[in-house]
Amino acid sequence: MGDNLKNSGTSEMGDVQLVTGQIRKLMMYIGFFSALIIVMAFGIMMMRFGFGFGGPEKGLATIPDGVYYMDYDVNNLSLTEKNILVKKGFEIFRNTPLHIGPKQKDSTQIYAGNNLACASCHLDGGTKPYAAPLIGVVKRFPQFRGRENKIGTIEERINGCMERSMNGRKLPENSDAMVAMVAYMDWLGRAAPSNGKIEGQGFLKVKIPERAVDLAHGETVYQKHCVICHGADGQGQRLPQNDLYLYPPLWGNDSYNNGAGMTRVITAAQFIKGNMPFGITFDNPTLTDEEAYDVAGYINQKLRPTKPNREADFPDLVKKPVSTPYGPYIDPFTEEQHQLGPFQPIMDYYQKEYQLRKTK
């Protein structure tokens, strides 16, 4: 009986040890998987806040769209025929004046009329959110545009920039430069959804002040925040090694002409709010909506080249944005009010007369 009790006790102790060992092993597994989950969560959080590998910039805290975290460095591409074309497109995009602008030695290949680059407006190689990013843009075409009142191609859209922002002439749609630029834009959109729509496309929305632009305040904002890059005379800064612009001119003969979309106060204010002073991101702006609004109006009252045949824009005048600074108009408001506001009465007019809710 004593032996039986002894054996029974030994068996029970063994069972306890076995269970204890299993519990310890289970706890180790739980600890391991908990740690793994924490590491994964931390990694996702780091990517979410712009610290991921291959991301274009910091400051993307409220942009969950994964397309901004792709590798957009063309230098990492292998030398295939397709990739060489993509690299050429990026080079034209970045150094436009050298290839299709005034610094091109072959005069037959000059299409841009100023020394701006595509990268002057489409920042970070066209990958910065709320700086009119070009990620997915090819997939959004063909597209209806009110300025031409028709469905147009991506090549026609590029030529819209050539004639307005670049103050030049149309680039032949089958030219090597056009094909290369479209190839670069197509490559940028390789991870975009099939409809090309991404978060952060276009410009950052602003609350439009219910008043006219205050030009005096706009000048004060310019002197405080813009002079350091664009100069007191608005003519920008050039790089000594190649005479290209480090910071582009905002008015004058070498800037965008008066038919460009950036001459609209609301459009310019949206771009400025999300991107200026240079280096800021949309989620941490420096300027208030009112400061962006006033400085946009100040800049666009300066002299710049004239776009020929502007009056033919927007054949259906009902579709003309309220801040288009040139006529004709189908409403009773003056050209000055279309340039400087207040814009709410114009918007109210289109809502009442045409049931159109206009935002720009």
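## Lysine 273

In this predicted model, K273 has a relative accessible area of 11%. Because the limit for a buried residue is under 20%, K273 counts as buried. The residue belongs to helix α9, which spans residues 265-275.

The side chain of K273 is engaged in a polar contact with the side chain of D289, at 2.4 Å. D289 also appears among the residues that K273 touches once neighbours within four places in sequence are set aside. The others in that group are L204, V206, I280, P285, L287, T288 and A292.

## A nonpolar surface patch

I330, Y354 and L356 together form a nonpolar patch on the surface, with an area of about 210 Å². Of these residues, L356 is located in the segment that follows helix α12 (344-354).

The relative accessibility of L356 is 31%. This residue is classed as partly exposed because its value falls between the limits for buried, under 20%, and exposed, over 50%.

## The chain as a whole

The protein chain contains 12 helices and 4 strands. Its length is 360 residues, of which 45% are counted as buried. K273 is a buried residue, whereas L356 is a partly exposed one.

Contacts between residues at least 6 apart in sequence were also examined across the chain. Of these contacts, 63% link residues that are at least 24 apart. The accessible surface of the protein chain comes to about 19100 Å², and 58% of that area is contributed by carbon and sulfur atoms.

Definitions and conventions:
Residues numbered from 1 in each chain as written. Predicted model: local features only at pLDDT ≥ 70, side-chain atom pairs only at ≥ 80, totals over all residues. Heavy atoms only, no water. Patch = residues over 30% accessible without salt bridge, like charges linked within 9 Å, V, L, I, M, F, W, Y side chains within 5 Å. Areas by Shrake-Rupley, 256 points an atom, 1.4 Å probe, with all protein chains shown as cover. Salt bridge = Lys/Arg side-chain N within 4 Å of Asp/Glu carboxyl O. Helix = DSSP H or I, 4+ residues; strand = E, 2+ residues; numbered from the N terminus. Buried < 20%, exposed > 50% of the residue type's maximum accessible area, 1.4 Å probe, protein only. Polar contact = N/O pair within 3.5 Å; in protein donor to acceptor, adjacent residues only side chain to side chain. Contact = heavy atoms within 4.5 Å.
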